[in-house]
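With the model open in your viewer, follow this tour one selection at a time. Each stop suggests what to select next and says what is there.

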Amino acid sequence: MKHSPCLPPALLCGLLLILFLAWVPSASAQVSLIPQIQEINVNRGGKTRFSLQVANRGTESLTFAMGAYGLTVTADGIPSATTAKTERGCADWITFAPATFELAADEIQIVEGLIHAPKDAVGGYSAFLTAEFRMLSQPFTLDEEEKVQAQLDLGQAVSSVLLVTTRSRRNLATLEPDSLVLSSGRGSSKRIAPTLSGSVSNDAWQASLMVTNTGNVHTVATGEISIWREDASLVGRADLTAGRGFVLPGLTRAFTATGKRSLVDGIYMAKVQLRTREGRVVQGTFPYSIVKGETVSGAASDAIRALLKATAPAFELSKRMLDYKITPGGKRTQGITLKNYSPDSLTVLPRAVDWTLDEDGKVVLRPDAAILVRPCTSWLSVSPNPIVIPPKRSKSVKVTVTAPPDLYGEYYSAVVFETPESGEPLPTEFELPRTLLMTVSSAQGLEYQAEIDSFYHEPVSSLMRVFVVNVLNTGNTHCFASGKLEIYDLKFNMVMERIPFGGPNDYILPDRIRGYAVPCPGALAPGTYEAVVMLDYQDGAAPVIEKIHFEE
């Protein structure tokens, strides 16, 4: 389609899709465009269609024109339109039907978009889509004596972001932590933290992690940062968030976190972990010192260096997870490889331990009995033991499971590979790089079942509310939690796009709960609404559905 040579006024004074990783104000509470973010796949040289819903909730008719522009995104996740050619822009591939239309009051128009990808397209592309319209402002007085009044003809727009992936085996999203800025929450390091309910003073430590996607397709990531003392004791941990977590190819995103208290003077190590929607895990460690409330990056003591070494052992496991399907009373052996990267021989000692997942889906080694689920540590044997790996070489290791006659359902164990210098067990975060997780299950009798244990609404501000969804696995084997949240008015009109949460890599172990806090940003007119959550827990199974009403 053809585009105007300059940005229309609508893009300057209308709605910007700040929710693309943060929040979305309404351009005019009368007009909406959903979904606000849409992801589609297309073959190279192929065509595919997508839909947009434009709604006029006002009292007057409006004329709309659809537009497609280049997309730029700041490190804070704020998108904007550009007419300049971008490296991974696809605005020129898009046409709309209808391209212009009129909507009477309280009418909805479904716009069909068609995207035609070039044959040489590889990876991910993006566009900033708009539904542009004009409205007259409220009358105002120009001349009191002459009683002259006027109105402004204002160009406005509602907008949406389109993320396009051209199918290819070469597609890969690769996240790299670039830098970490840490503030202690004391002295001049005390920050003013912006929130959706205004800026508030924050006396707690804060962190900002810059993450670059060096791959060729976008991904969605969540993360966590933990702060550790020299004695490997935990100071605190917090979620690393970046709105909805989108990281576009070739761009850098800022993931931020806020702790619960300030940091006293001392030497620390910050450990960050990001997990992509595809299940890839990226980790990084950063030593810091706090001197009179000020942060000094890179300063490390011998104890911190020892923690850094424990986080990055001199050997690597070829696999991090093994799944054993076995008959009751049977035996099965599988193998992995340990590769020694050091110039010296390594002696490695395998130690069988229990593991589980907490309510946030994080692995916990040696868990308390209260959260331990179906352990099978006594069923394992590892050979050879000890494991001697020559310099710069690899060694094959066999792990054998002998199941009891009454095996039913799925069970869990792990092997931590240690060196003689490892000493006392460290927290899970430090041991995971050298840990093999295992599931052991019978070939038959696996029961996949999940339910929504609780679902409720927590208002944050006029521009933000959070829905908490707690999912309980009532089966005897692990399942996943992949859901979506929809918001409707009492006329059954969808007023916000579907908000996804979880995914096929979000496992829940039997008898365990996994909790999700699903942010729902954007302005809603006062009234009663219905929130609907739909949860998938097994491929092919009917979704679990729950509904609640809430007030704005």
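Begin by selecting Tyr 412 together with Thr 439, because in this predicted model Tyr 412 stands opposite Thr 439 in strand 34. Widen the selection to the two strands around them, and you will find strand 33 joined to strand 34 by seven bridges, with the two running antiparallel. On another partner of strand 34, select strand 25 (residues 321–326), which runs parallel to strand 34 and is joined to it by six bridges; here Lys 325 stands opposite Ser 441.

Now colour strand 34 (residues 435–442) by itself. How many of its eight residues are buried? Eight of the eight are, so the strand is largely enclosed by the rest of the structure. If you show its side chains, both faces turn out to be covered, with Thr 435, Leu 437, Thr 439 and Ser 441 buried on one side and Leu 436, Met 438, Val 440 and Ser 442 buried on the other.

Next, return to strand 33 and select Glu 418, which forms a salt bridge with Arg 366, the closest N and O atoms being 4.0 Å apart. This pair links distant parts of the chain, since Glu 418 belongs to strand 33 (residues 410–418) while Arg 366 lies in the loop between strand 29 (363–365) and strand 30 (380–383), 52 residues apart. The two partners can also be compared by accessibility: Glu 418 is buried at 6%, whereas Arg 366 is partly exposed at 29%. From the loop residues, go on to Arg 374, whose charged end sits over the ring of Tyr 411, 4.4 Å from its centre.

For a salt bridge that belongs to a network, select Glu 224, Arg 237, Asp 360, Lys 362 and Glu 429, which are linked in this way. Within that group, Asp 360 and Lys 362 form a salt bridge whose closest N and O atoms are 3.8 Å apart; Asp 360 is partly exposed, with a relative accessibility of 48%, and Lys 362 is likewise partly exposed, at 24%.

Then turn to the aromatic rings, of which the structure holds ten pairs. Select Trp 228 and Phe 430, an edge-to-face pair with 4.8 Å from centre to centre and 70 degrees between the planes. Trp 228 lies in strand 17 (residues 219–228) and Phe 430 in helix 3 (residues 428–431), so that the pair links parts of the chain that are 202 residues apart, and both residues are buried.

Move on to Phe 455 and Phe 467, whose ring centres are 6.2 Å apart and whose planes lie at 45 degrees, so the pair is tilted. Phe 455 is in strand 35 (residues 450–461) and Phe 467 in strand 36, twelve residues apart in sequence; both are buried. Adding Tyr 529 and Phe 550 to the selection completes a cluster that is linked by ring pairs.

Finally, stay with strand 36 (residues 464–473) and select Arg 465, which lies in this strand, along with Glu 552, in the segment after strand 41 (544–551), so the pair ties together parts that are 87 residues apart in sequence. Their salt bridge has its closest N and O atoms 3.0 Å apart, and it joins a buried Arg 465, at 1% relative accessible area, to a partly exposed Glu 552, at 31%.

How values were computed: Residues are numbered from 1 along each chain as its sequence is written. This is a predicted model: local features need pLDDT of at least 70, side-chain atom pairs count only at pLDDT 80 or more; totals for chains, interfaces and linings use all residues. Side-chain values use heavy atoms; hydrogens and water are left out. A salt bridge is a side-chain nitrogen of Lys or Arg within 4 Å of a carboxyl oxygen of Asp or Glu. Buried means under 20% relative accessible area, exposed over 50%, partly exposed in between (1.4 Å probe, protein chains only). Helices (H or I, at least four residues) and strands (E, at least two) are DSSP runs, numbered from the N terminus. Rings of Phe, Tyr and Trp (its six-membered ring) pair if their centres lie within 6.5 Å; planes under 30 degrees apart count as stacked, over 60 as edge-to-face and the rest as tilted. A charge sits over a ring if NZ of Lys or CZ of Arg is within 6 Å of the ring centre and within 35 degrees of the ring normal. Two strands pair if DSSP finds at least two bridges between them.
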